[in-house]
Amino acid sequence: PSAGAEALRCTVLRSGRGESAAGYDNIGLAMLTVFQCTTLAGWSQVMYRVMDSGAEEAVPYFVLLIVFGPYFIVNLFLAVLKTKFGQATKLLQSKIFGHGHGHEHGHRHGHGHGHGKRR
């Protein structure tokens, strides 16, 4: 009976983060840790610390995070880049061609120049 009681004894552990800011102690640190893992900077040390805390079942979470996280971040970056490039292209076109449109409104083709159908 004493062996079973020893296995269920609560132990207070100090934070296993050491000098690193990564961890899951609160929501802010968790968000920072997920971001750090998606940049692929030190993700394995984070996974090993989580495993050392007794959560070996977190390994699939880290594998999925590492496989899909950077893919999502790169696609998000490319979407922002494409949007900004599209906005810059529209702005450039409006600056280049925008001044010419104001002069064309008085000279519409097909009205009053005899280019229409004859009756």
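**Notebook: Met51 and the helices around it**

I started at Met51, which comes out partly exposed at a relative accessible area of 25%. My cut-offs: under 20% relative accessible area is buried, over 50% is exposed, and partly exposed is what falls in between, with a 1.4 Å probe and protein chains only. Before going on, I note that this is a predicted model, where local features need pLDDT of at least 70, side-chain atom pairs count only at pLDDT 80 or more, and totals for chains, interfaces and linings use all residues. Residues are numbered from 1 along each chain as its sequence is written, and side-chain values use heavy atoms, with hydrogens and water left out.

**Overall layout**

I looked up the secondary structure and got 4 helices and 0 strands for the protein chain. From the N terminus the order reads α-α-α-α. Helices here are DSSP runs of H or I with at least four residues, strands are E runs of at least two, and numbering goes from the N terminus. Of the 119 residues in the chain, 14% are buried. The chain exposes about 10,300 Å², with carbon and sulfur atoms supplying 65% of that; areas are Shrake-Rupley with a 1.4 Å probe, and for residues only the protein chains shown count as cover.

**Helix α3**

Back to Met51, which lies in helix α3. Setting aside neighbours within four places in sequence, I find Met51 in contact with Glu56 and Val59, contact meaning heavy atoms within 4.5 Å.

Which residues of α3 are buried? In this helix, residues 43-52, I get Val46, Met47 and Val50. They sit on the same side of α3, because they cover an arc of only 100° around the axis; the arc is taken from the directions from the helix axis to the C-beta atoms. That fits the textbook: an α-helix has 3.6 residues a turn, so residues three or four places apart point the same way. After α3 comes Gly54, with a positive phi near 100°.

**Core**

I then pulled the largest nonpolar core, which has 10 residues: Ala22, Cys37, Val46, Met47, Val50, Ala55, Ala58, Phe62, Leu65 and Ile66. A core is a set of buried Ala, Val, Leu, Ile, Met, Phe, Trp, Tyr and Cys residues joined through side-chain atoms within 4.5 Å. The elements giving two or more residues to this core are α3 and α4.

I checked Val46 next: leaving out neighbours within four places in sequence, its contacts are Ala22, Tyr24, Thr33, Gln36, Cys37 and Phe62. Thr33, in helix α2 (residues 27-38), is buried, with a relative accessible area of 0%. Not counting residues up to four places away, Thr33 touches Ala22, Gly23, Tyr24 and Val46.

**Loop and surface**

What is the sign of phi at Leu40? Positive, about 65°, although Leu40 is not a glycine. Leu40 is in the loop between α2 and α3 and counts as partly exposed at 45% relative accessibility.

On the surface I found a nonpolar patch of Val63, Leu64, Val67 and Phe68, with about 380 Å² of accessible area together. I logged Val67 under helix α4, residues 59-104. Tyr71 is in helix α4 too, and is exposed at 56% relative accessibility. Its C-alpha atom is separated by 8.6 Å from that of Thr38, with the two 33 residues apart along the chain.

Last lookup: among contacts between residues at least 6 apart in sequence, 41% join residues at least 24 apart.

Note on methods
Patches are made of residues with over 30% relative accessible area and no salt bridge: like charges are joined within 9 Å, nonpolar side chains (Val, Leu, Ile, Met, Phe, Trp, Tyr) within 5 Å. A salt bridge is a side-chain nitrogen of Lys or Arg within 4 Å of a carboxyl oxygen of Asp or Glu.
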